[in-house]
Amino acid sequence: SHHNDGNADDKKKILHHHPSYHPQSFEYVSPSRAAAIHATIYKSHPEISCIMVVTPTYVTSYCITGCNFNSAGIPESHIVLHNVQTLPFESLLKHEGIEIATAFDPQNGKNTVFVQGYGMFTIGNCLLKTFVQLEVCESMCGVSLTAKRRGPIEMLNADQVCEIDTVFKMN
């Protein structure tokens, strides 16, 4: 039997500081559940190179209240975000995030997913585009929440959405 000096196992672990910081005081811990979810997303969508998991203020407001988010508030948000699916919190906890991974459809521009009670996952093939999705989503959520205080929001109608989808070849 070959003796392993622990290096293989150490590669599967992440370095973690103790809360009471001492320069020489480190502890190895197992990776978080997020590592498995990221691995599942990358395996399901090899064309992507960036995953952002974020909890910005306005997006999180939608996620914790259970309100439906409609990206068709303004043309830019519909073009960038398409339809944003909201998944139950449990999707984080089971099957290494396969439900999250399968909710994405990068070929059809579906790169953003909300998780109830948590936040947002957004994926892309480069950091800048992925960040733009985050920024547009947070802005649209903010506009929607602010506008709701003044009354009903007029979203793009079905004909407008269809026209945008046709012009930008989003079908």
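This briefing describes the fold of a single chain and the surroundings of selected residues. The model is predicted. The chain holds seven helices and six strands, and 35% of its 171 residues count as buried. Read from the N terminus, the elements follow the order α-β-β-α-β-α-α-β-α-β-β-α-α.

**Overall fold and surface**

- Among the contacts in the chain with a separation of 6 or more, 63% are between residues 24 or more positions apart.
- The chain has an accessible surface of about 10700 Å², and carbon and sulfur atoms contribute 54% of that area.
- Val53, Phe89, Leu93 and Tyr118 together make a nonpolar surface patch of about 310 Å².
- One of these patch residues, Tyr118, sits in the loop between strand E5 (112-115) and E6. Tyr118 has a relative accessible area of 32% and is therefore partly exposed, since that class lies between the buried limit of 20% and the exposed limit of 50%.

**Thr122 in strand E6**

- Thr122 belongs to strand E6, which spans residues 119-124. Its relative accessible area is 0%, so Thr122 is buried.
- The side chains of Thr122 and Gln133 are joined by a polar contact of 2.7 Å. These two residues are 11 residues apart along the chain, and 7.1 Å separates their C-alpha atoms.
- Leaving aside residues up to four places away in sequence, Thr122 touches Cys50, Ile51, Met52, Asn111, Thr112, Thr130, Gln133 and Leu134. Gln133 is thus named both as a contact of Thr122 and as the partner in its side-chain polar contact.

**Helix H4: Pro75 and Ser77**

- Helix H4 covers residues 75-81 and includes Ser77; Pro75 lies in helix H4 as well.
- Ser77 is buried because its relative accessible area is 1%, under the 20% limit. Pro75, at 39% relative accessibility, counts as partly exposed.
- A polar atom of the Ser77 side chain lies 3.0 Å from the backbone oxygen of Ile74.
- Beyond residues up to four places away in sequence, the residues touched by Ser77 are Ser71, Ala72, His82, Val136 and Met140.
- With the same exclusion of residues up to four places away, Pro75 touches Leu156 and Ile164.
- Pro75 and Met155 are 80 residues apart along the chain, with a distance of 9.6 Å between their C-alpha atoms.

**Ala103 in helix H5**

- Ala103 is placed in helix H5, which comprises residues 98-103. Its relative accessibility is 13%, so Ala103 counts as buried.
- When residues up to four places away in sequence are left out, Ala103 touches Gln85, Leu87 and Val113.
- One of these contacts, Gln85, is 18 residues from Ala103 along the chain; the C-alpha atoms of the pair are 7.2 Å apart.

**Asp165: a buried charge in helix H7**

- Asp165 occupies a place in helix H7, residues 158-167.
- Asp165 is buried yet forms no salt bridge. Lys110 is the nearest side chain of opposite charge, at 9.2 Å, and a salt bridge requires a distance within 4 Å.
- The side chain of Asp165 does have a polar contact of 2.7 Å with that of His78.

**Positive phi angles in the loop before helix H5**

- His95 lies in the loop between strand E4 (85-87) and H5, and Glu96 is found in the loop between E4 and H5 too.
- Although His95 is not a glycine, it has a positive phi of about 55 degrees. Glu96 is likewise not a glycine and has a positive phi of about 50 degrees.
- His95 counts as exposed because its relative accessibility is 61%, and Glu96 counts as exposed because its value is 54%; the limit for this class is over 50%.

Methods
Residues numbered from 1 in each chain as written. Predicted model: local features only at pLDDT ≥ 70, side-chain atom pairs only at ≥ 80, totals over all residues. Heavy atoms only, no water. Helix = DSSP H or I, 4+ residues; strand = E, 2+ residues; numbered from the N terminus. Buried < 20%, exposed > 50% of the residue type's maximum accessible area, 1.4 Å probe, protein only. Contact = heavy atoms within 4.5 Å. Polar contact = N/O pair within 3.5 Å; in protein donor to acceptor, adjacent residues only side chain to side chain. Patch = residues over 30% accessible without salt bridge, like charges linked within 9 Å, V, L, I, M, F, W, Y side chains within 5 Å. Areas by Shrake-Rupley, 256 points an atom, 1.4 Å probe, with all protein chains shown as cover. Lys, Arg positive; Asp, Glu negative; His and termini not counted.
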